[in-house]
Number of protein chains: 2
Amino acid sequence: MPHRKPDKVAQLQKYIASHGLKWTSQRSVIVNRFFAPPHRHYRLEEILEKCRREDASISYATVYRTLIMLVEAGMAYQRHFGKGQSLFEPSGSHHHDHLICTDCGAIVEFENQTIEKIQEMVVKKHGFKLTHHKMELYGLCAKCQKK
Amino acid sequence: MPHRKPDKVAQLQKYIASHGLKWTSQRSVIVNRFFAPPHRHYRLEEILEKCRREDASISYATVYRTLIMLVEAGMAYQRHFGKGQSLFEPSGSHHHDHLICTDCGAIVEFENQTIEKIQEMVVKKHGFKLTHHKMELYGLCAKCQKK
DNA sequence: TTGAAATTGAAAACCACTTTCAAAAAGACC
DNA sequence: GGTCTTTTTGAAAGTGGTTTTCAATTTCAA
Ligand SMILES: [Mn+2]
Ligand SMILES: [Mn+2]
Ligand SMILES: [Zn+2]
Ligand SMILES: [Zn+2]
């Protein structure tokens with residue numbers, strides 16, 4: 001199992017250098033946590049809590065700003081499931097959509113090429129040029145159905 | 001072209017009567033505006049503004065409460081496109097998804113049975129029980145591509 | 001080592017709702 | 001009609017998740 005955290009950190013350092021930004025101890029803690037396996041969808045507060053175990057003085061604002069920076073660098077996605085807090089996830093190599101349990105919050109990722117193709121057809125039929133899409137399926141996971 | 005506003009108003013009056021609620025002049029103004037053709041996706045502020053042309057004293061809170069009531073009565077949907085304000089639309093007979101121009105905000109509705117069927121398959125494969133879904137395609141409409 | 005520029009934590013501001021509350025309106029029953 | 005209980009209203013305050021401000025601190029190129 002590849003442990004790709006160092007790659008991600010190096011990639012961000014390159015981004016930071018090329019944009020006149022600065023590498024700080026706080027950013028190091030935050031991005032190392034964020035890119036540590038397993039791949040997950042994190043609430044900001046969740047990352048903040050983890051980071052504070054390593055550096056108790058890290059602020060909400062710094063975690064917020066760092067995650068936004070990752071999104072701007074193309075290294076993270078900010079998702080808005082439902083209407084509560086947004087979730088951040090490391091951006092990976094391939095696109096995927098989400099299946100979300102409305103009871104326990106479990107998130108399953110899936111990919112379906114047929115749906116993607118049909119989307120393209122729908123868009124073309126209406127004369128649009130597609131930039132991105134959002135597809136979320138909400139329901140009860142197997143566990144929650146039994147309760 | 002059928003002008004179905006009176007039906008909707010009558011339907012809401014029946015709902016109101018059967019729930020021990022009261023019909024008011026404000027509710028009359030608001031629902032008549034909301035159900036007046038053409039079918040649209042409205043921001044709350046947009047409806048408020050229209051209603052105030054008819055009754056300048058109508059408040060934000062009353063429009064808000066009336067729209068929520070319509071949603072609870074099953075006569076409107078509240079949509080959360082992007083991250084800003086939510087949009088309300090009269091609920092119609094059949095399900096549809098949305099194609100949204102990121103430049104001018106134009107919204108096109110579409111329906112695709114194949115996508116709906118594949119969604120069911122994806123859900124079943126992961127052992128979920130689907131309750132609802134969200135599918136939005138974002139891009140540039142024909143007009144905005146020319147600019 | 002210096003110093004301009006970026007970053008930080010704390011706190012305030014922002015924004016889209018959502019709720020509270022006292023006064024007004026609705027409508028069921030005379 | 002009038003009476004009375006309940007619901008609704010507008011104004012204002014409260015909420016929650018972000019987003020910005022600002023003075024002090026840190027980074028890092030020179
Ligand atoms: Mn994901
Ligand atoms: Mn619609
Ligand atoms: Zn579940
Ligand atoms: Zn457009």
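In this predicted model, His41(B) is buried, and Glu89(B) is buried as well. Both residues serve the manganese ion (ligand 2). Its donors are His41(B) (NE2), Glu89(B) (OE), Glu89(B) (OE), His96(B) (NE2), His98(B) (NE2) and Glu109(B) (OE), at 2.1 to 2.4 Å. Glu89(B) thus appears twice in the list of donors. The donor residues are spaced H-x47-E-x6-H-x1-H-x10-E in sequence. His41(B) and Glu89(B) link distant parts of the chain, 48 residues apart. His41(B) sits in the loop between helix H2 (25-35) and strand E1 (42-43) of chain B, while Glu89(B) belongs to strand E3 (residues 87-90) of chain B. The 6 donor atoms of the manganese ion (ligand 2) make angles of 54 to 168°, and the site is irregular. Six octahedral donors would ideally give angles of 90 or 180 degrees.

Chain A holds the manganese ion (ligand 1). The protein donors here are His41(A) (NE2), Glu89(A) (OE), Glu89(A) (OE), His96(A) (NE2), His98(A) (NE2) and Glu109(A) (OE). They lie 2.1 to 2.4 Å from the ion. The site of the manganese ion (ligand 1) is irregular, with angles of 54 to 168° among its 6 donor atoms. Along the chain, its donors follow the spacing H-x47-E-x6-H-x1-H-x10-E. His41(A) is in the loop between H2 and strand E1 (42-43) of chain A, and His98(A) is in strand E4 (residues 97-101) of chain A, so this pair ties together parts that are 57 residues apart in sequence. His41(A) and His98(A) are buried.

The zinc ion (ligand 4) has sulfur donors from four cysteines: Cys101(B) (SG), Cys104(B) (SG), Cys141(B) (SG) and Cys144(B) (SG). These protein donors lie 2.1 to 2.4 Å from the ion. The arrangement around the zinc ion (ligand 4) is tetrahedral because its 4 donor atoms subtend angles of 100 to 114°. The ideal angle for four tetrahedral donors is 109.5 degrees. In sequence, the donor residues of the zinc ion (ligand 4) are spaced C-x2-C-x36-C-x2-C. Cys101(B) lies in strand E4 (residues 97-101) of chain B. Cys141(B) lies in the loop between strand E6 (129-140) and helix H6 (142-146) of chain B, so the pair ties together parts that are 40 residues apart in sequence. Cys101(B) is buried, as is Cys141(B).

The fold is described here for chain A. Its secondary structure comes to 6 helices and 6 strands. Read along the sequence, the pattern is α-α-β-α-α-β-β-β-β-α-β-α. Along the principal axes, the C-alpha atoms of chain A fill a box of roughly 50 × 45 × 35 Å. Chain A has 147 residues, of which 39% count as buried. Among its contacts between residues at least 6 apart in sequence, 48% join residues at least 24 apart.

Helix H1 (residues 5-18) of chain A has 14 residues. From first C-alpha to last, H1(A) reaches 20 Å, close to the 20 Å expected at 1.5 Å a residue. Its buried residues are Lys8(A), Val9(A), Leu12(A), Tyr15(A) and Ile16(A). They cover an arc of only 120° around the axis, which puts them on the same side of H1(A). These buried residues pack against helix H2 (25-35) and helix H4 (60-72) of chain A. On the other side of H1(A), Asp7(A), Lys14(A), Ala17(A) and Ser18(A) are exposed. Just after H1(A), Gly20(A) takes a positive phi of about 70°.

Helix H3 (residues 44-52) of chain A also has buried residues: Leu44(A), Glu46(A), Ile47(A), Leu48(A) and Cys51(A). Their cover includes H2, E1 and H4 of chain A.

Most peptide bonds are trans. A cis peptide bond, however, joins Pro37(A) and Pro38(A), with omega about 0°. Pro38(A) is found in the loop between H2 and E1 of chain A. In chain B, a cis peptide bond joins Pro37(B) and Pro38(B), and omega is about 0°. Pro38(B) is found in the loop between H2 and E1 of chain B.

The two chains meet at an interface. In it, 34 residues of chain B are in contact with 35 residues of chain A. The area buried between them is about 3,000 Å². Carbon and sulfur atoms give 71% of this area. In chain B, Phe128(B), Lys134(B) and Tyr138(B) lose the most area to chain A. Together they account for 21% of what that side buries.

Note on methods
Residues are numbered from 1 along each chain as its sequence is written. Chains are lettered from A and ligands numbered from 1 in the order in which they are written. This is a predicted model: local features need pLDDT of at least 70, side-chain atom pairs count only at pLDDT 80 or more; totals for chains, interfaces and linings use all residues. Side-chain values use heavy atoms; hydrogens and water are left out. Donors are N, O and S atoms within 2.8 Å of the metal (3.2 Å for Na, K and Ca); water is not among the atoms, so sites may look incomplete. Four donors count as tetrahedral if all angles lie between 85 and 135 degrees; four count as square planar and six as octahedral if opposite donors are over 155 degrees apart and all others between 65 and 115; anything else is irregular. Helices (H or I, at least four residues) and strands (E, at least two) are DSSP runs, numbered from the N terminus. Buried means under 20% relative accessible area, exposed over 50%, partly exposed in between (1.4 Å probe, protein chains only). The expected span of a helix is 1.5 Å times one less than its number of residues. The arc is that of the directions from the helix axis to the C-beta atoms. Contact means heavy atoms within 4.5 Å. Buried area is the accessible area (1.4 Å probe) that two parts lose on being put together, summed over both.
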